[in-house]
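Let's take a look at how the pieces of this protein fit together. Have the sequence and the 3D view handy as you read.

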Amino acid sequence: MADSGAPRETRERPSAIVRIAYQQLSVMCGTQDPTAPISITTNANDADARGMVCTRRLLRLPVLATVTSTFSGVYQATRNSHESVATILGHAENGMRTGLEFVSPVTGTIAGLLEAPLKIVDDALCLGLDFVEEKLPSVKLPPGQIYANAKDSFRNIFTSALETLRFLFGGSKNQIEDLSVANETARGIRKVSS
């Protein structure tokens, strides 16, 4: 009976690996994450001792949120495309949940042992993400706006390069044409005066 209490305890607080897998599965299925506490507001700094703050911050970036929602939409459309596909994917989801529940005690133990190194990695990734967000503020923009800004920037770069080339070589062309006209005029004047 002592063994039956340990898995129950780990189910109440699954490891970070299991929590991430549940989160991805729930995103794909469009259901609530069974390991997440039900709350209205969530804060990026409210991660528990085994939670990875950087993962939450990355998933909140508009580009990755759009990609995640797109994949979720594709999965839902595929799942709803045919009854047999829905059945197969339902069995796969149940198998994934069962497998994650089965390995939860092991991953909980491993995560407990690796908690300090994972926290160091999480802190380093958060510092890197802070640096990227500071140096590249457009990361926080919606994907459509990033595309429009990039398109406008490239257009401006090519337009300015084209104008520079016209200025550099267009003036020389006009000067050469002016010199040839002046030479012909000078030859004509010399012929007339001789």
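## Two helices that cross

At what angle do H4 and helix H5 pack? Keep in mind that we're looking at a predicted model. Helix H4 covers residues 62–79, and H5 covers residues 83–113. Their axes sit 8 Å apart, and the angle is about 125 degrees. That makes H4 oblique to H5, because angles over 145 would be needed for roughly antiparallel and 65 to 115 for roughly perpendicular. On the H4 side, Tyr75, Thr78 and Arg79 make the contact, while H5 brings in Val85, Ala86, Leu89, Gly90 and Glu93.

Two of those residues also pair up by charge: Glu93 and Arg79 form a salt bridge, with their closest N and O atoms 3.5 Å apart. The two are 14 residues apart in the chain. Glu93 is buried, since its relative accessible area is just 7%, whereas Arg79 counts as partly exposed at 22%.

## Arg57 and its two partners

The model has five salt bridges in total. In one of them, Asp130 meets Arg57 at 2.5 Å, N to O. Asp130 lies in helix H6 and Arg57 in helix H3, so this pair ties together parts that are 73 residues apart in sequence.

Glu133 meets Arg57 too, at 3.0 Å. Here the partners, again from H6 and H3, are 76 residues apart. Shared partners join Arg57, Asp130 and Glu133 into one network. Arg57 is buried at 17%, and Asp130 is partly exposed at 36%.

## A nonpolar patch

On the surface, Leu58, Val63, Leu64, Val67 and Phe71 make a nonpolar patch of about 400 Å². H4 gives the most, with four residues. Leu58 belongs to helix H3.

Key: Residues are numbered from 1 along each chain as its sequence is written. This is a predicted model: local features need pLDDT of at least 70, side-chain atom pairs count only at pLDDT 80 or more; totals for chains, interfaces and linings use all residues. Side-chain values use heavy atoms; hydrogens and water are left out. Patches are made of residues with over 30% relative accessible area and no salt bridge: like charges are joined within 9 Å, nonpolar side chains (Val, Leu, Ile, Met, Phe, Trp, Tyr) within 5 Å. Accessible areas come from the Shrake-Rupley method with a 1.4 Å probe; for residues, only the protein chains shown count as cover. A salt bridge is a side-chain nitrogen of Lys or Arg within 4 Å of a carboxyl oxygen of Asp or Glu. Axes are lines fitted to C-alpha atoms, for helices over the stretch in contact, and angles run from 0 to 180 degrees between N-to-C directions. Angles under 35 degrees count as roughly parallel, over 145 as roughly antiparallel, 65 to 115 as roughly perpendicular and the rest as oblique. Contact means heavy atoms within 4.5 Å. Buried means under 20% relative accessible area, exposed over 50%, partly exposed in between (1.4 Å probe, protein chains only).
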